[in-house]
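Me: I have a structure open on my screen and would like to understand the labels people put on it. Could you take me through the reasoning behind them?

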Amino acid sequence: CNSWFNCNDCNPGDEASFILNLGCKQTFNQIRIVNVHDSARISKQFRLHVSNVESGPWEQVLDTELEDTRQQLDYNPFQLQVISLDKKTTAQFVKFELVSWIGQSGGLQYFDIIRI
């Protein structure tokens, strides 16, 4: 996934998610993610869910917070974070759910799984 933003002027509780179709079942135990670098929108807490069917049911595999990008230097705004899951998982669909953000909204510059 390259660049995703939830709505502008969102409120807590508003739906802020996307579903990534991996094309087939993939096994992974880590993700690569880059938070937005914008004082008006910064992603904070998110949950990751997996399923073998696009409509679910969904299994939550991660609930964590991203680093605050307001402290990053402008000449290096795309700091890649690698986040480990508690265990390896196999799924075709990955749902990213943004729970909280700083500013008007949140978003990502990059998202991918690390296949094993």
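Reply: Happy to. A useful starting point is accessibility: a residue is buried under 20% relative accessible area, exposed over 50%, and partly exposed in between. Keep in mind that this is a predicted model.

Me: Why is arginine 115 called partly exposed?

Reply: Arginine 115 has a relative accessibility of 43%. Partly exposed covers the range between under 20% and over 50%, so arginine 115 counts as partly exposed.

Me: What makes aspartate 112 buried or exposed?

Reply: Its relative accessibility is 18%. Buried means under 20%, so aspartate 112 counts as buried.

Me: How do you know that the side chains of arginine 115 and aspartate 112 meet in a salt bridge?

Reply: The distance from N to O is 3.6 Å. The cut-off for a salt bridge is a side-chain nitrogen of Lys or Arg within 4 Å of a carboxyl oxygen of Asp or Glu, so the pair of arginine 115 and aspartate 112 qualifies.

Me: How many salt bridges does the structure hold?

Reply: Three. Another of them brings together the side chains of arginine 47 and aspartate 63, at 3.2 Å from N to O. Arginine 47 belongs to strand β4 (residues 45–51) and aspartate 63 to strand β5 (residues 59–65), so this pair ties together parts that are 16 residues apart in sequence. These two residues are also bridge partners between the strands, and β4 and β5 run antiparallel, joined by six bridges.

Me: What makes arginine 47 and glutamate 97 a salt bridge?

Reply: Their side chains meet at 3.6 Å, N to O, and the limit is 4 Å. Glutamate 97 lies in strand β6 (residues 81–98) and arginine 47 in strand β4, so the contact ties together parts that are 50 residues apart in sequence. As for their surroundings, arginine 47 has a relative accessible area of 24% and is partly exposed. Glutamate 97 is partly exposed at 24% relative accessibility, and aspartate 63 is partly exposed at 38%.

Me: Why is the pair of phenylalanine 18 and phenylalanine 96 called stacked?

Reply: First, the search of the whole structure finds four aromatic pairs. In this one the ring centres are 5.3 Å apart and the planes stand at 20°. Centres must lie within 6.5 Å to pair, and planes under 30 degrees apart count as stacked, so the pair is stacked. Phenylalanine 18 sits in strand β2 (residues 17–35) and phenylalanine 96 in strand β6, so the rings tie together parts that are 78 residues apart in sequence.

Me: How do you know that phenylalanine 18 and phenylalanine 96 are buried?

Reply: Phenylalanine 18 has 11% relative accessibility and phenylalanine 96 has 0%. Buried means under 20%, so phenylalanine 18 counts as buried, and phenylalanine 96 does too.

Me: What makes the pair of phenylalanine 96 and phenylalanine 111 edge-to-face?

Reply: Here the centres are 6.0 Å apart and the planes are at 65°. Over 60 degrees counts as edge-to-face, so that is the name the pair gets. Phenylalanine 111 lies in strand β8 (residues 107–115) and phenylalanine 96 in β6, so the pair ties together parts that are 15 residues apart in sequence. Ring pairs link Phe18, Phe46, Phe96 and Phe111 into a cluster.

Me: Which residues touch the most other members of the largest nonpolar core?

Reply: Ile31, Ile33, Leu48, Val94, Phe96 and Phe111, out of 24 residues in that core. The strands β2, β4, β5, β6 and β8 each supply at least two residues of this core. Leaving aside neighbours within four places in sequence, isoleucine 31 is in contact with residues including Phe46, Leu48, Leu62, Val82 and Phe111.

Me: Why is β4 described as largely enclosed by the rest of the structure?

Reply: Six of the seven residues of β4 are buried, so the description follows. Strand β4 is also joined to β6 by six bridges, and these two strands run antiparallel. Phenylalanine 46 stands opposite leucine 98 in β6.

Me: Where is proline 57 found?

Reply: In the loop between β4 and β5. The peptide bond leading from glycine 56 to proline 57 is cis, with omega near 10°.

Note on methods: Residues numbered from 1 in each chain as written. Predicted model: local features only at pLDDT ≥ 70, side-chain atom pairs only at ≥ 80, totals over all residues. Heavy atoms only, no water. Helix = DSSP H or I, 4+ residues; strand = E, 2+ residues; numbered from the N terminus. Buried < 20%, exposed > 50% of the residue type's maximum accessible area, 1.4 Å probe, protein only. Core = buried A, V, L, I, M, F, W, Y, C linked by side-chain atoms within 4.5 Å. Contact = heavy atoms within 4.5 Å. Pairing = 2+ DSSP bridges.
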